[in-house]
There are 2 protein chains.
Amino acid sequence: MDLAIGIDIGGTKTKIGLVNNEGHCLEDTFFRTKEYPNLEDYLDKIKSTVDEIKSKYPEGVNILGCGIGAPNASSRNGTIVNASNLNWKGTVPILEKLNERMPMPMKIMNDASAAAMGEMLFGNAKGMKDFIIITLGTGFGAGIVANGKLVDGYDGFAGELGHVDMTIGDGRLTGQNVRGGLEAYVSATGLKRTILFMMCKYMDESRFRDIAYNDLHGEEISKAAEEGDPIALKAFDFTADILGMALANFTAFTQPEAFFLMGGLVNSGKWIFDPLHKYFEDYLLEFYKGKVKLLQSGIPGKTTAICGAAALIWEDHSV
Amino acid sequence: MDLAIGIDIGGTKTKIGLVNNEGHCLEDTFFRTKEYPNLEDYLDKIKSTVDEIKSKYPEGVNILGCGIGAPNASSRNGTIVNASNLNWKGTVPILEKLNERMPMPMKIMNDASAAAMGEMLFGNAKGMKDFIIITLGTGFGAGIVANGKLVDGYDGFAGELGHVDMTIGDGRLTGQNVRGGLEAYVSATGLKRTILFMMCKYMDESRFRDIAYNDLHGEEISKAAEEGDPIALKAFDFTADILGMALANFTAFTQPEAFFLMGGLVNSGKWIFDPLHKYFEDYLLEFYKGKVKLLQSGIPGKTTAICGAAALIWEDHSV
């Protein structure tokens, strides 16, 4: 059986899985990225994790290669550069170092671009020529497909839309020190920051007045909204407003047929999507209105990122 | 001799020319767009102008076709839709109507996308795979090339970057009623509006305090800057700041190797380019710094738009 390894390097979790030619993730696991602050230890941990999941097939499998999705990854150079949500600073030659441990065909790409490849090969973007993937996890990522091809950019750094300057009132800094950068507002982390902003701005009672920032998790914000917590509701509305404006602006760029939203923030479901639809259509230019879809991934949530990474390998084989 | 007709429909002028396979514009002329508010009259005027320049070749030429660049043009449908700088509102089926008058192969495209095609075929973008053309005339246009192909979008409306929301302090409206839209700041018209803004904000003496808005022309603003007029200098600095931020944001999208700037505002030369270089590099994310060029067109200024339009025809013939 032919399989591709998919690895998603995220600020919180590193997810690893084995993916078949139909985009099904047969095995998947994860470990916490920040538990391996030293790069060499981290790469050893990846290697041992891969060996572990391969060992579930004692009869052996044919591994075609390994695809990696990571923030701030350069597909051209096989490096990760100054990723604000990762421990390793500067330019990390991750592909070369991992290949020493696991000799096989290997590709790396911006995590959102990998997700776009996955959606094209295995998910809801089959047959689409122009679409954009937005990943709303610890950070904000984007994978852009135009004319049926991934937009890579001059040296592999296209789609860093989380650092687009939004010049919003409270002028937050992103991890790249962009004042008012999108990621500082629209991401799982951004939503938590907005909870603080709303508690600062308004005096409403809220369960979040009893929870420290570091103890706050995204799921709780949806739960609070469900219970009518005014701070949670205001935070979702504010986030949807900014995301709606951003997506309307992005539409003017490549005019996608659809945006696919994925990542932690999407688990908030209607709390984010209902106001988002309204704001997005409001902000769209007249001649785009009603033409751009907001969709969710066609790949099961838990494994979207792994399948996307593996798709980098599968695109070179007949699927 | 094989020639292509190139037509550039601008808010101020309609330029028409005959272009050979090396991108040389052999004949060119123009008339004022607003003198023909009625669409049928306007198309008749185009037809008679084409006949006129063709008549300069009594021995006859072989016209391969006619390429048109226009604001808000849909290449897919052959229409112009709600172009804020043109007289005709709604959806104008310009290709069909012009083809009735001049039966020949015809293509229409967003004026800046046409300019991008011209730059790729005949100008300074030869061999580049990722670049963006910015046209700064009456309005603000953009033509995006990624992976060596023009980005058209789902139904031909990609690159409408003039209507990207910049959320700048004074919140001007564009012709599409986008509050804080880029075109309201960065275009020949935007620069004139900024002269008003600066005279409102500051009390400096300036020659512009004696000139009515409708009597003000772009060339005078450069001339005033040359003479040290503080309002002109502040206006250029402000414009360059916003354009620098916009181009830095656009870089995060497709990471172009270069931006090509063209159109009326570019004639201001160092007054716009010197501060622009500084602001642009300042705003760029760390990993883009020093990698993105700001260039001028390789096609003589007066005929850039005509050659771009004609390139839409030439791309289908060996050049």
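These are my notebook entries on chain symmetry, domains and helix packing in a predicted model.

**Entry 1. Relation of the chains**

I superposed chain A on chain B and found a rotation of 180° with 0.0 Å of shift along its axis, at an RMSD of 0.0 Å. That is the relation of a two-fold axis. I then looked at which surface each copy uses: the same one serves both, and 100% of the contact residues of chain A recur in chain B.

**Entry 2. The contact between chains**

I looked up how many residues each chain gives to the contact, and noted 33 from chain A and 33 from chain B. Which element supplies the largest share of the chain A side? I found that helix 6 of chain A does, with five residues. I sorted the side of chain A that touches chain B by class and got 16 nonpolar, nine polar and eight charged residues.

**Entry 3. Domains of chain A**

I took the domain assignment of chain A next. Domain 1 covers 2-121 + 301-314, and domain 2 covers 127-296. I have the centres of the two domains of chain A, taken over C-alpha atoms, as 25 Å apart. Their contact takes 20 residues from domain 1 of chain A and 20 residues from domain 2 of chain A. On the domain 1 side, I traced the largest share, eight residues, to helix 3 (residues 111-122) of chain A. By class, I recorded six nonpolar, 11 polar and three charged residues on the side of domain 1 that touches domain 2 in chain A.

**Entry 4. Helix 3 and helix 8 of chain A**

I followed helix 3 of chain A to its packing with helix 8 (residues 304-314) of chain A. The angle is about 75° and the axes lie 7 Å apart. The two helices are therefore roughly perpendicular to each other. From helix 3 of chain A I listed Asp111(A), Ala114(A), Ala115(A), Met117(A), Gly118(A), Leu121(A) and Phe122(A). The residues they meet in helix 8 of chain A include Thr304(A), Cys307(A), Leu312(A) and Trp314(A). I counted this contact by class as 11 nonpolar, three polar and one charged residues.

**Entry 5. Helix 6 and helix 7 of chain A**

I returned to helix 6 of chain A, which I had met at the contact with chain B. Helix 6 (residues 230-254) packs with helix 7 (residues 270-283) of chain A at an angle of about 40°, their axes 8 Å apart. That makes helix 6 of chain A oblique to helix 7 of chain A. Is the crossing of these two helices left-handed or right-handed? I have it as right-handed. Among the contact residues of helix 6 of chain A, I noted Phe236(A), Leu243(A), Met245(A) and Leu247(A). From helix 7 of chain A the contact includes Trp271(A), Ile272(A), Leu276(A), Tyr279(A) and Phe280(A). I also noted Asp237(A) and Asp241(A) from helix 6 of chain A and Asp282(A) from helix 7 of chain A. The residues of this contact divide into 13 nonpolar, two polar and three charged.

**Entry 6. Helix 6 and helix 7 of chain B**

I repeated the lookup in chain B. Helix 6 (residues 230-254) of chain B and helix 7 (residues 270-283) of chain B have an angle of about 40° and axes 8 Å apart. That makes helix 6 of chain B oblique to helix 7 of chain B, and I recorded their crossing as right-handed. Among the residues in contact I found Phe236(B) and Met245(B) of helix 6 of chain B, and Trp271(B) and Phe280(B) of helix 7 of chain B. I entered the classes of this contact in chain B as 13 nonpolar, two polar and three charged.

Notes:
Residues numbered from 1 in each chain as written. Chains lettered and ligands numbered in written order. Predicted model: local features only at pLDDT ≥ 70, side-chain atom pairs only at ≥ 80, totals over all residues. Least-squares fit on C-alpha atoms with pLDDT ≥ 70 in both. Contact = placed C-beta atoms within 7 Å. Axes fitted to C-alpha atoms, helices over the stretch in contact; angles between N-to-C directions. Helix = DSSP H or I, 4+ residues; strand = E, 2+ residues; numbered from the N terminus. Parallel < 35°, antiparallel > 145°, perpendicular 65-115°, else oblique. Left-handed = near helix turned anticlockwise from the far one by under 90°. Nonpolar A, V, L, I, M, F, W, Y, C, P; charged D, E, K, R; others polar. Domains from an automatic or database assignment.
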